[in-house]
Amino acid sequence: MVRLILASQSPARTKLLTEAGIRHTVLVSDVDEDAVQARYGVTDPHDTALLLARAKAEAVAALPEADGALVLGCDSVFEFDGEAHGKPYTAAVARERMLRMSGNTGVLHTGHWLVDCRDTEPDDDGAPGTGATLGTVASAEVSFLEMDAVEIDAYIATGEPLHCAGSFTIDGLGGAFIRKVDGDPHTVVGLSVSTLRALLASAQVRITELWPAS
């Protein structure tokens, strides 16, 4: 049986996989995102998303619990006016960003990295692993409605935007402020299922192998 480990503590990502019928477990990486970015000097939002997704996947893949499994790391970065916006963490930062985003458009980049930790030698348990370690970025353009200061303050008071890339969600309260999404909406949640399907195919695994047994 193929095992998939999600190297992310994001409730939205594991909820998305669960609702898509994709069997998985969660094993959180202990990656210092700031240290990773400082080490490689990456500032481009697209490349940052992929770099951090890879760092998370490889950190979990190195753990003994990942032996014999496929490990998926994900990370999202919001690009607005050419700047990379990760999690705001504070109300002041979230408010400043959302006032700028009101009525405007940005791009949400979600990096995906898959590591095949299965034995590359065939055995009685099934097909051998590929040894693959590969990734890609899925991006979607997000257009926001006009938001007034009262709405923004009320949204921030819920705490929801403080720990989300770009200071918003599409699958929670923040969805009320999104006018449209051009691209895979799952990307904005933080994990593109169609992108995962393509990565699994590169590791010679069909996504249907992770569906519940009928």
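Reader: Which residues does Ile178 touch, not counting residues up to four places away in sequence?

Author: A contact list of this kind shows which parts of the chain meet around one side chain. In this predicted model, Ile178 touches Val142, Ser143, Phe144, Leu145, Phe168, Thr169 and Ile170, once residues up to four places away in sequence are set aside. Ile178 itself is found in strand 7, which covers residues 178–182.

Reader: Is Ile178 buried or exposed?

Author: The term buried applies under 20% relative accessible area. Ile178 has a relative accessible area of 13%, so it is buried. Across the protein, buried residues make up 44% of the 214 residues.

Reader: How far apart are Ile178 and Ser76 in sequence and in space?

Author: Sequence distance and spatial distance are best read side by side. Ile178 and Ser76 are 102 residues apart in sequence, while their C-alpha atoms are 17 Å apart in space. For the protein as a whole, if one takes the contacts with a separation of 6 or more, residues 24 or more positions apart account for 69% of them.

Reader: How many helices and strands are there in the protein, and what pattern do they follow along the sequence?

Author: The protein has seven helices and seven strands, and, read along the sequence, they follow the pattern β-α-β-α-α-β-β-α-β-β-α-β-α-α. The radius of gyration is 18 Å, close to the 17 Å that the globule rule gives for 214 residues, so the protein is as compact as a globular protein of that length. Taken along the principal axes, the C-alpha atoms fill a box of roughly 60 × 45 × 25 Å.

Reader: Which residues of the largest nonpolar core touch the most other members?

Author: That core holds 21 residues, and those that touch the most other members are Leu4, Ile22, Leu70, Leu72, Leu114, Leu196 and Leu200. At least two residues of this core come from each of strand 1 (4–6), helix 1 (11–19), strand 3 (70–80) and helix 7 (193–202), and helix 7 gives the most, with four residues. Apart from this core lies another, of 19 residues, with Phe80, Met101, Phe144 and Phe168 among them.

Reader: What is Leu72 in contact with, leaving aside its neighbours within four places in sequence?

Author: With those neighbours left aside, Leu72 is in contact with Leu4, Ile5, Leu6, Ala7, Ala57, His112, Trp113, Leu114, Leu191 and Leu196.

Reader: What does the protein expose, and how far apart are the mean positions of its charges?

Author: The protein exposes about 10500 Å², of which carbon and sulfur atoms supply 52%. The mean positions of its 16 positive and 31 negative charges are 3 Å apart.

Conventions
Residues numbered from 1 in each chain as written. Predicted model: local features only at pLDDT ≥ 70, side-chain atom pairs only at ≥ 80, totals over all residues. Heavy atoms only, no water. Rg over C-alpha atoms; globule rule 2.2 N^0.38 Å. Buried < 20%, exposed > 50% of the residue type's maximum accessible area, 1.4 Å probe, protein only. Contact = heavy atoms within 4.5 Å. Areas by Shrake-Rupley, 256 points an atom, 1.4 Å probe, with all protein chains shown as cover. Lys, Arg positive; Asp, Glu negative; His and termini not counted. Charge placed at Lys NZ, Arg CZ, Asp CG, Glu CD. Core = buried A, V, L, I, M, F, W, Y, C linked by side-chain atoms within 4.5 Å.
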